[in-house]
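Colleague: I have not seen this structure before. Could you take me through the model?

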Amino acid sequence: MNADSNPDAAVGTAAALKPLLEAAGVTLQYKTREHLVTATYRVSFDVYPGDRFVLLGPSGCGKSTLLKAAGGYLAPVEGEMRLKGQRITRPGPDRMMVFQEFDQLLPWKTVLQNVVFALEASGRLSGAAAHERAMHYIDKVHLGKFADRHPHTLSGGMKQRVAIARGMAMEPDVLLMDEPFAALDALTRRQMQDELMQLWEDTHFTVLFVTHSIPEAVRIGNRILLLSPHPGQVKAELESDGTDPVDAASGRRLSDRIHGMLFSEAAGPEAQGEAAHA
Ligand SMILES: Nc1ncnc2c1ncn2[C@@H]1O[C@H](COP(=O)(O)OP(=O)(O)OP(=O)(O)O)[C@@H](O)[C@H]1O
Ligand SMILES: [Mg+2]
(Lines give C-alpha, C1' and ligand atoms only; values in the text may rest on other atoms or scores of the structure.)
(Ligands and ions follow the chains in the order given, each with its own letter.)
Protein backbone atom coordinates (compact mmCIF):
# COMPACT_ATOMS: atom_id res chain seq x y z
CA MET A 1 0.00 0.00 0.00
CA ASN A 2 1.28 3.49 -0.70
CA ALA A 3 0.14 7.07 -0.78
CA ASP A 4 -1.06 6.60 -4.37
CA SER A 5 -3.91 4.54 -2.99
CA ASN A 6 -5.10 7.57 -1.05
CA PRO A 7 -6.73 10.04 -3.42
CA ASP A 8 -7.48 12.51 -0.64
CA ALA A 9 -3.98 12.85 0.74
CA ALA A 10 -2.22 16.08 -0.03
CA VAL A 11 -0.56 14.71 -3.12
CA GLY A 12 3.11 15.35 -3.41
CA THR A 13 3.82 16.42 0.16
CA ALA A 14 6.40 14.41 2.04
CA ALA A 15 3.99 13.85 4.93
CA ALA A 16 1.50 12.15 2.62
CA LEU A 17 4.02 9.46 1.78
CA LYS A 18 4.39 8.21 5.33
CA PRO A 19 1.61 6.54 7.27
CA LEU A 20 0.46 8.53 10.26
CA LEU A 21 -0.89 5.51 12.07
CA GLU A 22 0.23 1.93 11.44
CA ALA A 23 -1.08 -1.35 12.72
CA ALA A 24 1.61 -3.93 12.04
CA GLY A 25 0.54 -7.53 12.58
CA VAL A 26 -1.51 -6.62 15.63
CA THR A 27 -2.88 -9.46 17.75
CA LEU A 28 -4.99 -8.30 20.68
CA GLN A 29 -6.17 -10.43 23.55
CA TYR A 30 -8.16 -10.08 26.73
CA LYS A 31 -7.14 -12.24 29.66
CA THR A 32 -9.87 -12.89 32.15
CA ARG A 33 -9.54 -15.27 35.08
CA GLU A 34 -11.13 -18.14 33.15
CA HIS A 35 -10.58 -17.23 29.52
CA LEU A 36 -8.11 -15.92 27.02
CA VAL A 37 -10.07 -14.10 24.30
CA THR A 38 -8.28 -13.33 21.05
CA ALA A 39 -10.03 -10.24 19.72
CA THR A 40 -7.91 -9.63 16.59
CA TYR A 41 -5.30 -11.74 14.86
CA ARG A 42 -2.35 -10.19 13.00
CA VAL A 43 -4.22 -7.17 11.69
CA SER A 44 -2.23 -4.72 9.58
CA PHE A 45 -3.24 -1.41 8.05
CA ASP A 46 -1.77 2.02 7.36
CA VAL A 47 -3.63 5.27 7.86
CA TYR A 48 -2.31 8.24 5.89
CA PRO A 49 -2.75 11.93 6.71
CA GLY A 50 -6.23 13.05 5.72
CA ASP A 51 -7.60 9.51 5.50
CA ARG A 52 -11.10 8.70 6.63
CA PHE A 53 -10.17 5.14 7.40
CA VAL A 54 -13.07 2.87 8.32
CA LEU A 55 -12.89 -0.41 10.22
CA LEU A 56 -15.95 -2.42 9.19
CA GLY A 57 -16.95 -5.84 10.43
CA PRO A 58 -19.54 -7.82 12.35
CA SER A 59 -20.16 -7.44 16.06
CA GLY A 60 -17.36 -8.92 18.13
CA CYS A 61 -14.71 -8.84 15.38
CA GLY A 62 -12.48 -6.55 17.44
CA LYS A 63 -13.15 -3.10 15.96
CA SER A 64 -13.41 -1.34 19.32
CA THR A 65 -10.43 -3.33 20.56
CA LEU A 66 -8.32 -2.08 17.65
CA LEU A 67 -9.39 1.47 18.46
CA LYS A 68 -8.42 0.94 22.11
CA ALA A 69 -5.00 -0.24 20.97
CA ALA A 70 -4.61 2.82 18.73
CA GLY A 71 -5.66 4.93 21.72
CA GLY A 72 -2.93 3.30 23.81
CA TYR A 73 -5.35 1.66 26.25
CA LEU A 74 -4.42 -1.92 25.33
CA ALA A 75 -1.03 -3.32 24.30
CA PRO A 76 -0.79 -5.88 21.48
CA VAL A 77 0.48 -9.35 22.42
CA GLU A 78 2.01 -9.55 18.96
CA GLY A 79 2.88 -6.80 16.49
CA GLU A 80 2.63 -3.10 17.25
CA MET A 81 0.69 0.08 16.67
CA ARG A 82 2.74 3.08 15.63
CA LEU A 83 1.95 6.78 15.46
CA LYS A 84 4.36 8.73 13.24
CA GLY A 85 6.70 5.77 13.40
CA GLN A 86 6.74 5.59 17.22
CA ARG A 87 5.32 2.58 19.01
CA ILE A 88 2.13 3.47 20.87
CA THR A 89 2.49 2.58 24.53
CA ARG A 90 0.06 4.91 26.30
CA PRO A 91 -2.87 7.23 25.70
CA GLY A 92 -2.12 10.79 24.62
CA PRO A 93 -3.84 13.97 23.45
CA ASP A 94 -2.52 13.23 19.95
CA ARG A 95 -5.25 10.56 19.71
CA MET A 96 -8.72 11.64 20.80
CA MET A 97 -11.60 9.19 21.11
CA VAL A 98 -15.29 9.79 20.39
CA PHE A 99 -17.57 7.04 21.66
CA GLN A 100 -21.04 5.80 20.81
CA GLU A 101 -22.54 6.61 24.22
CA PHE A 102 -24.29 9.92 24.84
CA ASP A 103 -22.91 10.07 28.39
CA GLN A 104 -19.29 10.77 27.47
CA LEU A 105 -19.55 14.43 28.51
CA LEU A 106 -19.08 15.70 32.06
CA PRO A 107 -22.69 16.34 33.15
CA TRP A 108 -21.85 19.10 35.61
CA LYS A 109 -20.04 21.17 33.02
CA THR A 110 -21.55 23.20 30.17
CA VAL A 111 -20.81 22.52 26.52
CA LEU A 112 -18.09 25.17 26.54
CA GLN A 113 -16.66 23.99 29.86
CA ASN A 114 -16.50 20.40 28.59
CA VAL A 115 -14.36 21.41 25.63
CA VAL A 116 -12.24 23.87 27.63
CA PHE A 117 -11.68 21.26 30.32
CA ALA A 118 -10.22 18.79 27.80
CA LEU A 119 -7.85 21.46 26.47
CA GLU A 120 -6.73 22.58 29.93
CA ALA A 121 -6.49 19.15 31.57
CA SER A 122 -4.27 17.91 28.77
CA GLY A 123 -2.10 21.01 28.94
CA ARG A 124 -2.90 21.83 25.30
CA LEU A 125 -4.12 25.37 26.04
CA SER A 126 -5.41 27.43 28.95
CA GLY A 127 -7.36 30.59 29.75
CA ALA A 128 -8.53 32.80 26.89
CA ALA A 129 -6.73 30.71 24.27
CA ALA A 130 -8.57 27.58 25.42
CA HIS A 131 -11.92 29.43 25.34
CA GLU A 132 -11.26 30.77 21.88
CA ARG A 133 -10.25 27.38 20.49
CA ALA A 134 -13.23 25.69 22.16
CA MET A 135 -15.72 28.21 20.74
CA HIS A 136 -14.20 27.86 17.30
CA TYR A 137 -14.95 24.12 17.24
CA ILE A 138 -18.33 24.48 19.00
CA ASP A 139 -19.30 26.88 16.21
CA LYS A 140 -18.07 24.41 13.63
CA VAL A 141 -20.54 21.81 14.91
CA HIS A 142 -23.30 24.49 14.91
CA LEU A 143 -23.69 24.65 18.68
CA GLY A 144 -22.54 28.22 19.27
CA LYS A 145 -25.94 29.15 20.75
CA PHE A 146 -25.79 26.19 23.13
CA ALA A 147 -22.32 26.80 24.58
CA ASP A 148 -23.71 27.53 28.05
CA ARG A 149 -26.09 24.59 28.17
CA HIS A 150 -25.54 21.49 30.25
CA PRO A 151 -25.47 18.09 28.51
CA HIS A 152 -28.79 16.89 29.97
CA THR A 153 -30.60 19.69 28.12
CA LEU A 154 -29.27 18.55 24.73
CA SER A 155 -30.49 15.90 22.28
CA GLY A 156 -28.40 12.81 21.57
CA GLY A 157 -27.18 14.26 18.28
CA MET A 158 -26.18 17.52 19.97
CA LYS A 159 -24.24 15.64 22.65
CA GLN A 160 -22.39 13.75 19.94
CA ARG A 161 -21.57 17.05 18.23
CA VAL A 162 -20.08 18.31 21.50
CA ALA A 163 -17.99 15.15 21.80
CA ILE A 164 -16.78 15.66 18.23
CA ALA A 165 -16.03 19.35 18.90
CA ARG A 166 -14.09 18.35 22.03
CA GLY A 167 -12.08 15.78 20.07
CA MET A 168 -11.38 18.16 17.20
CA ALA A 169 -10.51 21.08 19.49
CA MET A 170 -7.55 19.08 20.72
CA GLU A 171 -6.34 19.02 17.11
CA PRO A 172 -5.13 15.45 17.53
CA ASP A 173 -3.07 13.62 14.93
CA VAL A 174 -5.88 11.10 14.62
CA LEU A 175 -9.49 11.26 15.73
CA LEU A 176 -10.67 7.82 16.84
CA MET A 177 -14.43 7.38 16.44
CA ASP A 178 -16.17 4.26 17.75
CA GLU A 179 -19.65 4.07 16.17
CA PRO A 180 -20.33 7.71 17.14
CA PHE A 181 -23.69 7.81 15.34
CA ALA A 182 -24.94 4.29 16.08
CA ALA A 183 -27.31 5.32 18.87
CA LEU A 184 -28.98 8.07 16.81
CA ASP A 185 -32.23 7.82 14.84
CA ALA A 186 -31.79 7.24 11.09
CA LEU A 187 -32.45 10.86 10.03
CA THR A 188 -30.11 12.37 12.60
CA ARG A 189 -27.49 9.76 11.79
CA ARG A 190 -27.57 10.71 8.14
CA GLN A 191 -27.35 14.42 9.01
CA MET A 192 -24.40 13.79 11.32
CA GLN A 193 -22.62 11.86 8.58
CA ASP A 194 -23.08 14.85 6.25
CA GLU A 195 -21.82 17.22 8.93
CA LEU A 196 -18.76 15.07 9.56
CA MET A 197 -17.99 15.15 5.85
CA GLN A 198 -18.38 18.96 5.83
CA LEU A 199 -16.00 19.23 8.77
CA TRP A 200 -13.57 17.03 6.91
CA GLU A 201 -13.83 19.23 3.80
CA ASP A 202 -12.91 22.16 6.06
CA THR A 203 -9.91 20.75 7.85
CA HIS A 204 -8.95 17.39 6.27
CA PHE A 205 -8.38 15.84 9.68
CA THR A 206 -7.38 12.19 9.90
CA VAL A 207 -9.99 9.86 11.32
CA LEU A 208 -10.11 6.17 12.18
CA PHE A 209 -13.82 5.40 12.20
CA VAL A 210 -15.44 2.19 13.43
CA THR A 211 -18.83 1.06 12.23
CA HIS A 212 -20.76 -2.08 11.47
CA SER A 213 -23.01 -0.25 9.01
CA ILE A 214 -22.09 -0.84 5.36
CA PRO A 215 -23.87 2.34 4.08
CA GLU A 216 -22.14 4.42 6.75
CA ALA A 217 -18.74 2.94 5.84
CA VAL A 218 -19.31 3.69 2.15
CA ARG A 219 -20.41 7.28 2.85
CA ILE A 220 -17.77 8.19 5.42
CA GLY A 221 -14.69 6.27 4.38
CA ASN A 222 -12.23 6.91 1.62
CA ARG A 223 -10.66 3.61 2.65
CA ILE A 224 -12.50 0.69 4.22
CA LEU A 225 -10.89 -2.27 5.97
CA LEU A 226 -13.14 -5.32 6.13
CA LEU A 227 -12.63 -7.57 9.12
CA SER A 228 -13.72 -11.19 9.45
CA PRO A 229 -15.73 -12.38 12.44
CA HIS A 230 -14.11 -13.20 15.75
CA PRO A 231 -11.14 -13.14 15.94
CA GLY A 232 -10.91 -10.18 13.56
CA GLN A 233 -8.60 -10.67 10.62
CA VAL A 234 -8.25 -8.49 7.54
CA LYS A 235 -10.49 -9.73 4.73
CA ALA A 236 -9.98 -6.94 2.25
CA GLU A 237 -9.25 -3.27 1.90
CA LEU A 238 -11.36 -1.15 -0.43
CA GLU A 239 -11.51 2.43 -1.59
CA SER A 240 -14.67 4.50 -1.56
CA ASP A 241 -15.61 7.88 -3.04
CA GLY A 242 -18.87 8.08 -1.11
CA THR A 243 -21.11 7.45 -4.14
CA ASP A 244 -21.45 3.66 -3.82
CA PRO A 245 -20.53 3.21 -7.49
CA VAL A 246 -21.36 0.21 -9.64
CA ASP A 247 -18.22 -1.80 -10.37
CA ALA A 248 -17.79 -2.25 -14.12
CA ALA A 249 -16.39 -5.77 -13.86
CA SER A 250 -19.00 -7.28 -11.52
CA GLY A 251 -21.96 -4.96 -12.26
CA ARG A 252 -22.53 -4.67 -8.52
CA ARG A 253 -22.57 -1.69 -6.20
CA LEU A 254 -19.68 -1.33 -3.77
CA SER A 255 -22.03 -1.85 -0.82
CA ASP A 256 -23.34 -5.11 -2.35
CA ARG A 257 -19.82 -6.37 -2.90
CA ILE A 258 -18.92 -5.52 0.69
CA HIS A 259 -22.02 -7.32 1.89
CA GLY A 260 -21.02 -10.39 -0.10
CA MET A 261 -17.49 -10.34 1.25
CA LEU A 262 -18.54 -9.84 4.87
CA PHE A 263 -21.09 -12.60 4.81
CA SER A 264 -19.19 -15.17 2.79
CA GLU A 265 -17.94 -17.93 5.12
CA ALA A 266 -14.33 -17.71 4.05
CA ALA A 267 -12.73 -15.06 1.90
CA GLY A 268 -13.96 -16.32 -1.48
CA PRO A 269 -12.44 -15.64 -4.88
CA GLU A 270 -14.10 -12.23 -5.14
CA ALA A 271 -12.85 -11.16 -1.73
CA GLN A 272 -9.37 -12.35 -2.58
CA GLY A 273 -9.54 -10.44 -5.84
CA GLU A 274 -10.65 -7.32 -3.95
CA ALA A 275 -7.86 -7.77 -1.46
CA ALA A 276 -5.39 -8.00 -4.30
CA HIS A 277 -6.69 -4.73 -5.85
CA ALA A 278 -6.58 -2.83 -2.61
N1 LIG B 1 -12.99 -6.21 28.48
C2 LIG B 1 -13.10 -7.38 27.83
N3 LIG B 1 -12.81 -8.57 28.45
C4 LIG B 1 -12.88 -9.73 27.78
N5 LIG B 1 -13.26 -9.85 26.48
C6 LIG B 1 -13.56 -8.71 25.83
C7 LIG B 1 -13.52 -7.42 26.46
N8 LIG B 1 -13.89 -6.49 25.56
C9 LIG B 1 -14.16 -7.15 24.41
N10 LIG B 1 -13.96 -8.48 24.57
C11 LIG B 1 -14.12 -9.51 23.54
O12 LIG B 1 -13.25 -9.21 22.46
C13 LIG B 1 -13.90 -9.46 21.22
C14 LIG B 1 -13.89 -8.19 20.38
O15 LIG B 1 -14.68 -7.21 21.05
P16 LIG B 1 -14.89 -5.74 20.47
O17 LIG B 1 -15.64 -4.99 21.48
O18 LIG B 1 -13.59 -5.18 20.03
O19 LIG B 1 -15.81 -6.04 19.18
P20 LIG B 1 -16.49 -5.00 18.16
O21 LIG B 1 -16.05 -5.39 16.79
O22 LIG B 1 -16.22 -3.61 18.59
O23 LIG B 1 -18.03 -5.36 18.31
P24 LIG B 1 -19.35 -4.40 18.28
O25 LIG B 1 -19.61 -4.12 16.82
O26 LIG B 1 -20.40 -5.23 18.90
O27 LIG B 1 -19.04 -3.16 19.05
C28 LIG B 1 -15.29 -9.98 21.55
O29 LIG B 1 -15.26 -11.39 21.52
C30 LIG B 1 -15.52 -9.50 22.97
O31 LIG B 1 -16.34 -10.40 23.66
MG1 LIG C 1 -17.43 -2.08 19.30
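Modeller: Two strands pair if DSSP finds at least two bridges between them. Keep in mind that this is a predicted model.

Colleague: In which sense do β1 and β4 pair?
Modeller: Strand β1 covers residues 21–31, and strand β4 covers residues 78–83. Five bridges link them. One bridge sets A23 opposite M81 in β4. The sense of the β1 and β4 pairing is antiparallel.

Colleague: Which residue takes a positive phi in the hairpin of β4 and β5?
Modeller: β4 pairs with strand β5, residues 86–87, over two bridges in the antiparallel sense. In one of them, R82 has R87 of β5 as its partner. Two residues lie between the strands of this hairpin. The residue with a positive phi, near 50°, is K84.

Colleague: Which are the edge strands of the open sheet of four strands?
Modeller: The order in this sheet is β2-β1-β4-β5, with antiparallel pairing. An edge strand here pairs on one side only. The edge strands are β2 and β5.

Colleague: At what angle does α2 run to β1?
Modeller: Helix α2 lies across three strands: β1, β2 and β4. Its direction relative to β1 is about 115°.

Colleague: Which element gives the largest share of the shell around ligand 1?
Modeller: Ligand 1 is surrounded by 14 residues, with Y30, S59, K63, S64 and T65 the closest. Both β2 (36–47) and α2 (63–71) supply at least two residues of the shell. The largest share is three residues, and it comes from α2.

Colleague: How many residues of that shell are polar?
Modeller: Four residues of the shell around ligand 1 are nonpolar. One is charged. The polar residues number nine.

Colleague: Now the other sheet. Why is one side of β6 and of β10 left without a neighbour?
Modeller: This open sheet has six strands in the order β6-β7-β8-β3-β9-β10, with mixed pairing. β6 (95–98) and β10 (234–239) each have a single partner strand, so one side of each stays free of a neighbour in the sheet. Both stand at the edges.

Colleague: What is the average twist from one strand to the next in that sheet?
Modeller: The twist is taken from strand to strand across the six-stranded sheet. Its average is 20°.

Colleague: How many bridges join β3 to β9?
Modeller: Strand β3 spans residues 52–56, and strand β9 spans residues 223–227. The two run parallel. F53 stands opposite R223 in β9. The bridges joining β3 to β9 number four.

Colleague: Which helix packs on this sheet, touching β9 and β10?
Modeller: The helix is formed by residues 254–263. Its direction makes about 175° with that of β10. The helix is α8.

Colleague: How are α3 and α5 oriented to each other, and why?
Modeller: Helix α3 (residues 111–121) and helix α5 (residues 156–169) have axes 9 Å apart and pack at about 30°. Angles under 35 degrees count as roughly parallel. Therefore α3 and α5 are roughly parallel.

Colleague: What is the handedness of the crossing, and which residues of α5 take part in the contact?
Modeller: The crossing of α3 and α5 is right-handed. By class, their contact has seven nonpolar residues, one polar and one charged. V111, N114, V115, A118 and L119 form the α3 side. Facing them in α5 are V162, A165, R166 and A169.

Terms used. Residues numbered from 1 in each chain as written. Chains lettered and ligands numbered in written order. Predicted model: local features only at pLDDT ≥ 70, side-chain atom pairs only at ≥ 80, totals over all residues. Near = placed C-beta within 6 Å. Nonpolar A, V, L, I, M, F, W, Y, C, P; charged D, E, K, R; others polar. Axes fitted to C-alpha atoms, helices over the stretch in contact; angles between N-to-C directions. Parallel < 35°, antiparallel > 145°, perpendicular 65-115°, else oblique. Left-handed = near helix turned anticlockwise from the far one by under 90°. Contact = placed C-beta atoms within 7 Å.
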